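User: I am new to this structure and would like a close look at a single part of it, with the surroundings added where they help. Please take your time and keep the steps connected.
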Amino acid sequence: TLMLRNVPRHFTVKRLIADLRTVLPLGSYDFVHLPWDTRRTGNITFAFLNLVDAETALRAFFALSGFRWTDAPAGLPCRVASAHTQGLEANLAQYRRRATAADAARSHQPVLFGRDGR
C-alpha cells in the first residue's frame, strides 16, 4: 500500500482515480481511499492506494513519484511513501476501526476494485 501526498484539496476520489488511470493499468490496484475533512469540505491532501502485488507497487511508486496532477499542474507534485498499513484486508480493517459519521457518505468511503479494474 502506498501513501500519496500532495493530492489537490479539491479532488474527489473519482477525480483521483481518473488521474491514477492515466499512469496505472486497470487491475493494478484494488483499494483507493481519499480521507475527507468535513470542516474544510475537501480531502486532507493524501490518499492510500493498495497495489495487487509488490512488483506492481514498485512500478506505481516510480510512476507516481513527482507526478503532476492534471487539474493542478502548478501545484505540488505527488510524493509517494510506503503506508504503515499494508494489504487490502488490513486497509479495510483499519478503515472500519477509524470510520466516522462523515465517512458514511458513499463518496467518502474507500473504493474497491476487482482484478478487471471495476
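Which backbone atom does the side chain of Asn43 reach, and at what distance?

Analyst: The model is a predicted one, and every value below is computed from it. The side chain of Asn43 reaches the backbone nitrogen of Thr45, at 2.5 Å. Asn43 itself has its place in strand β4, which covers residues 42-43, while Thr45 is found in the loop between β4 and β5.

The two partners of this contact can be taken in turn. Asn43 has a relative accessibility of 0%, and because buried means under 20%, Asn43 counts as buried. Thr45, at 25% relative accessibility, counts as partly exposed. The backbone of Thr45 also deserves a remark, since its phi is near 70°, a positive value in a residue other than glycine. Most residues other than glycine have a negative phi. Asn6, in the loop between β1 and α1, is another residue other than glycine with a positive phi, again near 70°.

The surroundings of Asn43 come next. Not counting residues up to four places away in sequence, Asn43 touches Val7, Pro8, Arg9, His10 and Phe11, and also Leu34, Pro35, Trp36 and Asp37. One of these, Phe11, leads on to a group of aromatic rings.

Phe11, Phe67 and Trp69 form one aromatic cluster, and the structure holds five aromatic pairs. In the pair of Phe11 and Trp69, the ring centres are 5.8 Å apart and the planes stand at 80°, and because an angle over 60 degrees counts as edge-to-face, the pair is edge-to-face. This pair links distant parts of the chain, for Phe11 lies in the loop between β1 (2-5) and α1 (13-23), whereas Trp69 lies in the loop between α2 (54-64) and β6 (79-82), 58 residues apart. Phe67 and Trp69 form an edge-to-face pair as well, with 5.4 Å from centre to centre and 85° between the planes. Both Phe11 and Trp69 are buried, Trp69 with a relative accessible area of 1%, and Phe67 counts as buried at 12% relative accessibility.

A second polar side chain can be set beside Asn43, namely that of Asp30 in strand β2. Asp30 is buried, with a relative accessible area of 12%, and its side chain makes a polar contact with the side chain of Asn50 at 2.7 Å. Leaving aside neighbours within four places in sequence, Asp30 is in contact with Asn50, Val52, Leu88, Val111, Leu112 and Phe113.

Strand β2, where Asp30 lies, brings the view to helix α3. The buried residues of α3, which spans residues 88-98, are Asn91, Leu92 and Tyr95. Seen down the axis of α3, these buried residues fall within an arc of 100°, so they line one face of the helix. What covers them includes β2 (29-33), β5 (46-51) and β7 (111-112). The face of α3 turned away from this buried side carries the exposed residues Glu89, Arg96 and Arg97.

To return to the part you asked about, the buried Asn43 reaches by its side chain to the backbone nitrogen of the residue Thr45, and among the residues that Asn43 touches is Phe11, a member of the aromatic cluster with Phe67 and Trp69.

Definitions and conventions. Residues are numbered from 1 along each chain as its sequence is written. Side-chain values use heavy atoms; hydrogens and water are left out. Buried means under 20% relative accessible area, exposed over 50%, partly exposed in between (1.4 Å probe, protein chains only). Helices (H or I, at least four residues) and strands (E, at least two) are DSSP runs, numbered from the N terminus. The arc is that of the directions from the helix axis to the C-beta atoms. Contact means heavy atoms within 4.5 Å. A polar contact is a pair of N or O atoms within 3.5 Å; within protein, one must be able to donate a hydrogen and the other to accept it, and residues adjacent in sequence count only if both atoms are side-chain atoms. Rings of Phe, Tyr and Trp (its six-membered ring) pair if their centres lie within 6.5 Å; planes under 30 degrees apart count as stacked, over 60 as edge-to-face and the rest as tilted.
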